[in-house]
Amino acid sequence: MISIVVTTYNRADRLENLLASIARMHPPVGVDWEVVLVDNNSTDATRDVVLRFAEGAAFPVRYAFEGIQGIAYGRNRGVAEAAGDIIACVDDDCVVDESWLASIAGEFARDERLLLLGGRVELFDPADAPMTIRTSRERRDLSGDPAVFHHLIGCNLAFRRSAYERAGGFDPRYGSGSGILPSNEDTEFCYRIVRLGGAVLYAPEVVVYHHHGRRDPAVLAALRKSYATGRGGFYADYIRRSDWRIARMACGELIERLLEVISPRTSASRRAEQISILRALWHGAGVMLRHSAPR
């Protein structure tokens, strides 16, 4: 069985679009599947939207409430509620392609070694900023690649339950609502799956459309800082475990950004952006080192 897990918080309107797209899918032939909706402490009409959808759905739909704020808590609750041995995660502000679930089922059926699968993420609205997307059309084997998170993203991610359990689930120190680091719960989870040693794949045929609605430059700048803060915490988390692959990756990013800051060819606006990102990286590292011991 495949369980689609959605964690949602106060996005009842966007959630309706996602659920409608799930209902329009061409499901995999001969494969049982279900939808698990985790309400992560919403105060809007989320519960009503889910229950109304469940009443008319031709497939199992389960509603669960997770009162501890944070996307990692929500995803972990979703996996705990799910019956499937394959978990497919999609965000509440996405719309899935009609072949999304069938493509996921096909990839896991073809390769018993496959632990983690990511897919293409296109913009739903071309007027939105080209952020939080993955648009490569190149199929890529990411097994053993420490930079797996440059290719995979949490809004279109599937994994075997056995790998999730071996890795220890999503780390609630990371991700929006966690209170420690504002992002990168997917980054850190994907890296732990890579360390298990099985097959990891990016498949462009597995497609969702991200309806994030972000266009305001100030909002985009804040989002980039949020991602950098989480990334800095991730770097610090693994460097203190003597993970030299991550240490090299962190040094590479710092050097690249510093070189751009000091280059006379860099515009003033770009220099300011890079300085902001560098500060966020250091801030995230400091937060992780001060507030949390290694898992």
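**A pocket and helix α8**

Colleague: Which helix gives the most to the lining of the largest pocket?

Modeller: This is a predicted model, in which local features need pLDDT of at least 70 and side-chain atom pairs 80 or more, while totals for chains, interfaces and linings use all residues. Residues are numbered from 1 along each chain as its sequence is written, and side-chain values use heavy atoms, without hydrogens and water. A pocket is an open set of points on a 1 Å grid over the protein atoms alone where a 1.4 Å probe fits, with protein on both sides within 12 Å along at least five of seven lines, and lining residues have an atom within 4 Å of a point. Among helices and strands, which are DSSP runs (H or I, at least four residues; E, at least two) numbered from the N terminus, the one giving the most to this lining, with six residues, is α7.

Colleague: How far apart are the end C-alpha atoms of α8?

Modeller: Helix α8 has 19 residues, 244–262. The expected span is 1.5 Å times one less than the number of residues. That gives 27 Å, which agrees with the distance between the end C-alpha atoms, 27 Å.

Colleague: Which residues of α8 are buried?

Modeller: Buried means under 20% relative accessible area and exposed over 50%, with partly exposed in between (1.4 Å probe, protein chains only). On the other side of α8 from the buried residues, Trp244, Arg248, Glu256, Leu259 and Ile262 are exposed. The buried residues are Ile246, Ala247, Met249, Ala250, Glu253 and Val261.

Colleague: Within what arc do the buried residues of α8 fall?

Modeller: The arc is taken from the directions from the helix axis to the C-beta atoms. The buried residues line one face of α8, because they fall within an arc of 165°.
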